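Thanks for making the time, everyone; I would like to walk through one structure with you this morning. Please have it open in front of you as I talk.

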Amino acid sequence: MRAARLIKMVLLLQARPSMTGPELAQELEVSERTVARDVLSLSEAGVPVYADRGRSGGYRLIGGYRTRLTGLGRSEAEALFLSGVPSALREMGLADAASAARLKVSAALLPELRDAATGAAQRFHLDAPAWYQEPRTPALLPAVAGAVWDDRRITARYLRKDTEVERQLEPYGLVLKAGVWYLAARAQGDFRVYRVDRFTAVDVPDGREDGGEEGAEGPTGGGGRFIRDEAFDLPAFWAERAAQFARSLLREEVVVRLSAHGVRRLPHVTERAAAEEAIDAARSGDGPDAQGRLTVRLAVESAEVAYAQLLGLGPEGEVLHPPALRERFAAAARRTAALYA
């Protein structure tokens, strides 16, 4: 709606010194011509929007103008109460702060909207851990989370295979993936990922050893706060590293001939990105044969993993290579046929 767009424009300009026409158009998902018309409408309504001309120009609010259009509607209030992950906040030691924040927001809402928190909680719930796994909160997670919030260096000891190593880290962000906590941190100039449950000790600059006792400095403790790289984008970094990790696991290749239904099923039984890449390559290459079957070269973690995954295709997929894996599928097919004889 146009009214909501005008309010959003005012709030954007209130939050920033100035914005160009293209920037506003991108934020509001409209054309620059629409932005110009909306600015004119705001000016006519008494909102002091000023347009700077020239290459470095843009739009800004003048005279320290502050809008009072900050009340929340019902859908906005419900979305706000859904924005947190209660279990994750609790594990990071932020449950009390989150509860206090929710109470303050509830108190500021109009009376008819104060049931938004209960309504949202009764309709949506996030259960982050994967099935068949007992979630375990790493003991040092609160200490790590505190360092992330305060931009404080930590000296961490963690298990790498069978060896315990020590590193000074600049903790940038935490990621909860399928019930497992990961830390994105800069070490020796490079950004890396660490599993928090593998940390055996964390020394933070204020002298708290292992997130507990005060007054003890670690062997390389101290260091205080670090200067955060403002260009660091945690979601983008995690997406890139997760994709790299998934690709790093795919060390072997199998050749499979698929029926049309098998082509549709393949991304659901194997690593999706690898399956889609293999299908696209096969289609742009020789394409389907006379029977409509597509032969793909699929990257897999190992022959053992491929066997477990591709069994899910049943008769919709035929393993052609490697020979040992093909024979294993043939033996499985014979045993299955004997069961149904």
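Ala3 is a residue of helix 1, and since this is a predicted model, what I say about Ala3 and everything after it is computed from that model. With a relative accessibility of 47%, Ala3 counts as partly exposed, because the range for that class runs from 20% up to 50%. Although Ala3 and Asp38 are separated by 35 residues in sequence, their C-alpha atoms are 9.7 Å apart in space.

That brings me to the helices themselves. The axes of helix 1, residues 2-15, and helix 3, residues 32-44, come within 11 Å of each other and cross at roughly 80 degrees, which means that helix 1 is roughly perpendicular to helix 3. On the helix 1 side the contact is made by Arg2, Arg5, Leu6, Met9 and Val10, while helix 3 brings Thr34, Val35, Arg37, Asp38, Val39, Ser41 and Leu42. Sorted by character, the residues of this contact are six nonpolar, two polar and four charged.

Now to the largest pocket, which holds about 740 Å³ of space. Its lining consists of 21 residues, and those nearest the centre are Tyr182, Val193, Arg195, Arg198 and Phe245. Which elements supply at least two residues each to that lining? They are strand 3 (154-160), strand 4 (163-177), strand 5 (180-187), strand 6 (190-195) and helix 9 (234-249), and of these helix 9 gives the most, with six residues. By character, the lining of the largest pocket comprises ten nonpolar, three polar and eight charged residues.

Notes
Residues numbered from 1 in each chain as written. Predicted model: local features only at pLDDT ≥ 70, side-chain atom pairs only at ≥ 80, totals over all residues. Heavy atoms only, no water. 1 Å grid on protein atoms, 1.4 Å probe; cavity = no way out; pocket = protein on both sides within 12 Å on 5 of 7 lines; lining within 4 Å. Points joined across faces, edges and corners; volume = space filled by probe spheres on them. Helix = DSSP H or I, 4+ residues; strand = E, 2+ residues; numbered from the N terminus. Nonpolar A, V, L, I, M, F, W, Y, C, P; charged D, E, K, R; others polar. Axes fitted to C-alpha atoms, helices over the stretch in contact; angles between N-to-C directions. Parallel < 35°, antiparallel > 145°, perpendicular 65-115°, else oblique. Contact = heavy atoms within 4.5 Å. Buried < 20%, exposed > 50% of the residue type's maximum accessible area, 1.4 Å probe, protein only.
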